[in-house]
Amino acid sequence: MTQLLLLGDEALAQGALDAGLSGCYAYPGTPSTEIMEYLQGSREAAERGVHREWSCNEKVAMEEGLGMSFAGKRAMVCMKHVGLNVAADGFVNAAVTGTHGGLLVVSADDPSMHSSQNEQDSRFYAQFAMVPCLEPSSQQEAYAMAAHGFALSERMETPVLVRLCTRLSHSRANVAVSVDKQPMKELDALNEMRGRFVLLPVIAKRNYVRLCEKQDEFARLSEESPFNRYSDGPDRSIGVIATGIGYNYLQEAFAGACPHPVLKISQYPLPKRQLSRLLAECRQIMVIEEGMPLVEQMLRGPLGDGGRTRGRLTGDLPRTGELNPRAVAQAFGLPAPALPAASPLVKMRPPRLCDGCPHANSYDALNEVLKSRPTSRVFGDIGCYTLGALPPYNAIHTCVDMGASIAMAKGAADAGVHPAVAVIGDSTFTHSGMTALLDAVWENSPITVVILDNGTTGMTGGQTSQAAGHMENICAGLGVAPEHIRILTPLPKHHAANVEALAAELDYAGLSVVILRRECIQTLRRKK
Amino acid sequence: MKKDIVLAGVGGQGILTIASIIGQAAVKQGLNIKQSEVHGMAQRGGAVLAHLRLSSDAIHSDLIAPGTADALIAVEPMEALRQAESLHPQGVILANSRPVANIGDYPELETVLAALRAYPRSLVIDAEAMAAAVGSARAMNMVMLGAVSPFLGMPVEVLEATIAEAFARKGPEVVAANRQAFAAGQAAAKGI
């Protein structure tokens, strides 16, 4: 054993490496990004030849991971929670095909929306796809769960979802790391797996029955899991279910000595035996879970249970946002220190575009064009440039999900909005914008697609962007008329020319693409 | 031994450098650590914070409960006030007096500094000027680390050695400037 100081993300990555990982597939997204970055920086991963390049989006990553699993090797697919929406088709159907080499699907949730547009809880996806879910409560468990998850995946021929959340992903702790490394699996793609990997209805129906049959075994394995634990306590007026990092806050509240019986859950489906005992022995149940009230709702049932089950739905814990040690202590009526009133001197300090950011110049030019076109609407997208919604720019009217800008602009144009402008970054464009642009090409929709091309995935820290160096070729290849593809440089000295070019394309009654290209100031600085 | 430290600043100011050196020094001391960091969107010039917990026993929560922190290190004065509720009544505030006024309604600086000085155990210093005086204004973070060093329950030599390792790659002059900055901060904190 050696000790390392690792983020939760990094602990999982090292655990996967030590468990014989052959390939990691991911699209960057807070708080999951550091899993792949750790592997990219790992000499060990380089020496072993582990695949560790970014994918164009989470769906592609999911399918690449499934392909590696098909070939008998251990693969890990990583994303942020909303990325699992993108990957959902592959993920849900991988449960139906089953897997061959171990397949871990890692989804990092962001309750409190530190850097996200919602706080969806990935555990629902595991339940929906009917696959096991692992939810580490500590960095050490994140490390150990990689090997455990791969073994579980191979034993049951199922993908396994690993659910992380911000406070584990981005918290560093001592992790004891094994010195015994498992070898990578041999290529094994020539076995006869056509029987289950072809989801024609006749085969899928058989597979689905098999998936349903696996459920009892999944539940039994949860009962035996080293990550689920029942600890008895003398005060049975209330029993506690604490999942994932909720367990840490419980321990913190009672200084490691909770007087109530506690069922710690870090592997799903729920362990029935331990759950039955808790329900039989305790009058009330307090559920402490990070994210949405999944377990709480299951226990309450659709009609409620007369207040027996307590948690986020009963107001004992906050309904939204991430948990914290104070909120959990208060749920048990424990004394919490009185806090001083917030100082009126403290003002909001939201994030902002960096000094020298190319997007700032792009918005300055766009805003000048839009000033004289009051019927225009600007459809934004996901990235640093979403900050253009805030003052001083106030430049965009929407931000929904990756790639939505182009499709929403087209839909709004179909409804009669003109000018309809989409603003999208280069990485978001290759993630999910290209297919929407093809729709706009097909109908020659009167929209202008402004691509803010800074050559990187900026918001998450400067990861590769697959369109780098050939954005105009991609647009032309999709069928945008070359005379309506403009490439501009967002710099103050080109402001007047950029305004003129943007105005001309906004007024054009067909599809146009304006690429505003200048390198991200952060990646540029790092090269110096 | 158990210390809970909150670090605050503005994205890009490098509070994680301070946290990282304390963390590495703590590892050398055989302590347990949990260090919760801010990554992602807020790093773009927004308010950022980190929670650093050191203990000879097991640490449960990654977050420090408000009203319980032993020390608050802020490299920006208004950010010190923003996180002041994290502090235990006997906790100590160490704040840099140089503002990052990247918002339109930044409050009057002297009022902010006076509010900080009103805390029973606080130190408000111009860490940039102090760092510049001993070699490099960029070593501002090490002045702040020096200022908190008496409250970490850790031998100063371990922190000094960790600073030397952290900057070794940048050459002996940079190491010297950072160690002197650390010493200046340490001296300023005497008597809190």
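Let us begin inside chain A, where strand β12 (residues 284-288) runs parallel to β13(A), the two being joined over 2 bridges. In β13(A), A:T309 is the bridge partner of A:I285. Keep in mind that this is a predicted model.

These two strands belong to an open sheet of 5 strands in chain A, ordered β8-β10-β9-β12-β13, with mixed pairing. At its edges are β8 (229-231) and β13 (309-310) of chain A, each of which pairs on one side only. Helix α11 (residues 246-253) of chain A lies across β9 (238-243), β10 (262-265) and β12 of chain A, and it runs at about 135 degrees to β9(A).

**The domains of chain A**

Stepping back, chain A is assigned domain 1 (2-224), domain 2 (229-331) and domain 3 (358-527). Taken over C-alpha atoms, the centres of domain 1 and domain 2 of chain A are 26 Å apart. Where these two domains of chain A meet, 24 residues of domain 1 are in contact with 22 residues of domain 2. On the domain 1 side, at least two residues each come from α6 (123-129), β5 (133-134), α8 (166-169) and α10 (201-224) of chain A. Of these, α10(A) gives the most, with 5 residues.

**Where the chains meet**

Now for chain B: 40 of its residues are in contact with 39 residues of chain A. On the chain B side, the elements giving two or more residues are α1 (15-28), β2 (32-36), α2 (77-82) and α3 (109-117) of chain B. The largest share, 5 residues, comes from β2(B).

The table sets out the residue classes on two of the contacting sides.

| Side | Nonpolar | Polar | Charged |
|---|---|---|---|
| Chain B, touching chain A | 18 residues | 15 residues | 7 residues |
| Domain 1 of chain A, touching domain 2 of chain A | 11 residues | 5 residues | 8 residues |

**A sheet built from both chains**

What does β2(B) pair with in chain A? Its partner is strand β7 (residues 171-177) of chain A, in the antiparallel sense over 3 bridges. Within this pairing, A:R172 has B:Q35 of β2(B) as its bridge partner.

That pairing is part of an open sheet of 8 strands, in the order β1(A)-β7(A)-β2(B)-β3(B)-β1(B)-β4(B)-β5(B)-β6(B), with mixed pairing. The edges are β1 (2-7) of chain A and β6 (122-125) of chain B; each has a single partner strand, so one side of each is left without a neighbour in the sheet. From one strand to the next, the twist averages 20 degrees.

Towards the chain B edge, strand β5 (residues 87-96) of chain B pairs with β6(B) in the parallel sense over 4 bridges. There, B:I93 is bridged to B:S122 of β6(B).

**Helices of chain B**

Helix α5(B) lies across β4 (69-74), β5 and β6 of chain B, at about 150 degrees to β5(B). A second helix, α1(B), meets helix α5 (residues 140-148) of chain B: their axes come within 9 Å and cross at roughly 45 degrees. The two helices, α1(B) and α5(B), are therefore oblique to each other. The crossing of α1(B) past α5(B) is right-handed.

Which residues make this contact? From α1(B) they are B:T17, B:I18 and B:I21, and from α5(B) they are B:N141, B:M144 and B:L145. By class, the contact of α1(B) with α5(B) has 4 nonpolar residues, 2 polar and no charged.

Key. Residues numbered from 1 in each chain as written. Chains lettered and ligands numbered in written order. Predicted model: local features only at pLDDT ≥ 70, side-chain atom pairs only at ≥ 80, totals over all residues. Contact = placed C-beta atoms within 7 Å. Nonpolar A, V, L, I, M, F, W, Y, C, P; charged D, E, K, R; others polar. Pairing = 2+ DSSP bridges. Domains from an automatic or database assignment. Axes fitted to C-alpha atoms, helices over the stretch in contact; angles between N-to-C directions. Parallel < 35°, antiparallel > 145°, perpendicular 65-115°, else oblique. Left-handed = near helix turned anticlockwise from the far one by under 90°.
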